[in-house]
There are 2 protein chains.
Amino acid sequence: MFSTEQEHQLVELDRAEAMSLLASVPFGRVVFTRNALPAIRPVNHLVGDGEIVVVRTRVDSGLSATVRARQNTVVAFEADDIDPIRRVGWSVVVTGFARVLTDPNRIERYERLLRPWVDRVMDTVIIIEPTLVSGVRLVAP
Amino acid sequence: MFSTEQEHQLVELDRAEAMSLLASVPFGRVVFTRNALPAIRPVNHLVGDGEIVVVRTRVDSGLSATVRARQNTVVAFEADDIDPIRRVGWSVVVTGFARVLTDPNRIERYERLLRPWVDRVMDTVIIIEPTLVSGVRLVAP
């Protein structure tokens with residue numbers, strides 16, 4: 001049903017529904033501050049135990065540098081699925097501390113479960129612990 | 001052609017191609033810093049004269065507050081179109097100064113061209129002047 005001339009509503013999602021939607025898609029966008037500027041990078045992800053968001057990157061990436069630069073780096077991770085024709089869908093944003101994973105067992109496990117999509121060496125596993133979880137659903141009138 | 005087990009390549013886009021792709025889609029994500037935290041919000045946009053990115057928001061939104069808080073606020077705007085099955089697509093990020101538009105003629109014009117998707121009063125037009133434009137295409141092997 002097309003309804004492009006009508007205005008749709010934004011409905012807030014609760015945390016459980018938002019995390020479930022985030023886990024249902026294979027990629028999102030990590031948002032961070034790099035050299036005092038806002039930065040964003042699409043990346044495939046998974047949601048692991050304890051609702052952590054897991055991504056892989058390179059040791060020399062901007063994301064790695066940002067997370068390694070200091071403890072308690074806060075990043076956001078966004079995923080969405082929006083149909084621009086029907087104008088329905090959802091968007092979820094988690095915000096929380098990011099850190100480079102160092103436990104060899106967990107690194108091995110996540111490297112097995114989360115395969116990079118691109119032909120670059122992805123030698124760094126970063127986890128994001130969601131402190132704030134927000135989400136909206138765009139619904140037809 | 002499905003090729004989910006093969007690793008794809010990232011190819012850099014030039015500025016003209018990146019801006020053309022950004023203009024070809026109806027929505028993206030504005031990325032900014034809010035209370036020292038990274039923030040991201042999906043929003044529909046258009047690319048206007050001089051390659052500016054135009055979005056609409058509410059006067060009381062976090063984005064408005066951020067842009068109004070000081071001159072020369074830098075934000076990023078990202079759009080992408082990625083097929084997670086075939087693992088092909090593109091992502092474009094523009095980074096530049098954002099400001100609230102005040103010229104009544106331009107406000108009227110952009111309000112006519114860019115209709116909000118949601119049933120909220122969108123009383124503020126924000127423009128982003130791209131300083132940095134980067135983009136990548138994810139291509140099959």
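Buried here means under 20% relative accessible area, exposed means over 50%, and partly exposed is whatever falls in between (1.4 Å probe, protein chains only).

**View 1. Chain A on its own, in a predicted model.** By that cut-off, buried residues account for 50% of the 141 residues in chain A. The chain has 3 helices and 7 strands, where helices (H or I, at least four residues) and strands (E, at least two) are DSSP runs numbered from the N terminus. Reading from the N terminus, the order is β-α-β-β-β-α-β-β-α-β. Along the principal axes, the C-alpha atoms fill a box of roughly 50 × 35 × 30 Å. Take the contacts (heavy atoms within 4.5 Å) between residues at least 6 apart in sequence: 71% of them join residues at least 24 apart.

**View 2. Where chain A meets chain B.** Each side puts in its share: 32 residues from chain A and 32 residues from chain B. Together the chains bury about 3100 Å², with 66% of it on carbon and sulfur atoms; buried area is the accessible area (1.4 Å probe) that two parts lose on being put together, summed over both. On the chain A side, A:Pro38, A:Ile40 and A:Trp117 lose the most area to chain B, together 22% of what that side buries.

**View 3. Polar links and strands at the interface.** There are 4 salt bridges between the chains, each being a side-chain nitrogen of Lys or Arg within 4 Å of a carboxyl oxygen of Asp or Glu. A:Arg29 and B:Asp80 form a salt bridge, with their closest N and O atoms 2.7 Å apart. The chains also share 8 residue pairs in polar contact (both at pLDDT 80 or more). A polar contact is a pair of N or O atoms within 3.5 Å; within protein, one must be able to donate a hydrogen and the other to accept it, and residues adjacent in sequence count only if both atoms are side-chain atoms. From chain A, β1 (9–12), β2 (27–34), β3 (37–47), β5 (73–83) and β6 (88–100) each bring at least two residues to the side touching chain B. β5(A) gives the most, with 6 residues. Sorted by class, that side of chain A has 20 nonpolar, 5 polar and 7 charged residues; Ala, Val, Leu, Ile, Met, Phe, Trp, Tyr, Cys and Pro count as nonpolar, Asp, Glu, Lys and Arg as charged, and the others, Gly among them, as polar.

**View 4. The two copies superposed.** Turn chain A by 180 degrees, with 0.0 Å of shift along the axis, and chain A lands on chain B (RMSD 0.0 Å). That is how a two-fold axis relates copies. The same surface serves both, with 100% of the contact residues of chain A recurring in chain B. The fit is by least squares on the C-alpha atoms of residues with pLDDT of at least 70 in both.

**View 5. Around B:Ser91, in strand β6 (residues 88–100) of chain B.** B:Ser91 is buried, at 6% relative accessible area. Its side chain makes a polar contact of 3.0 Å with the side chain of B:Glu78. Among the residues that B:Ser91 touches are A:Pro42, B:Asp80 and B:Ser134.

**View 6. Around A:Gln9, in strand β1 of chain A.** A:Gln9 is partly exposed, at 41% relative accessibility. Its side chain and that of B:Asp119 are joined by a polar contact of 3.0 Å. The C-alpha atoms of A:Gln9 and A:Pro141 sit 6.7 Å apart, although the two are 132 residues apart along the chain.

**Notes.** Residues are numbered from 1 along each chain as its sequence is written, and chains are lettered from A and ligands numbered from 1 in the order in which they are written. Local features need pLDDT of at least 70, side-chain atom pairs count only at pLDDT 80 or more, and totals for chains, interfaces and linings use all residues, while side-chain values use heavy atoms, leaving out hydrogens and water.

Notes
Lists of a residue's contacts leave out its neighbours within four places in sequence.
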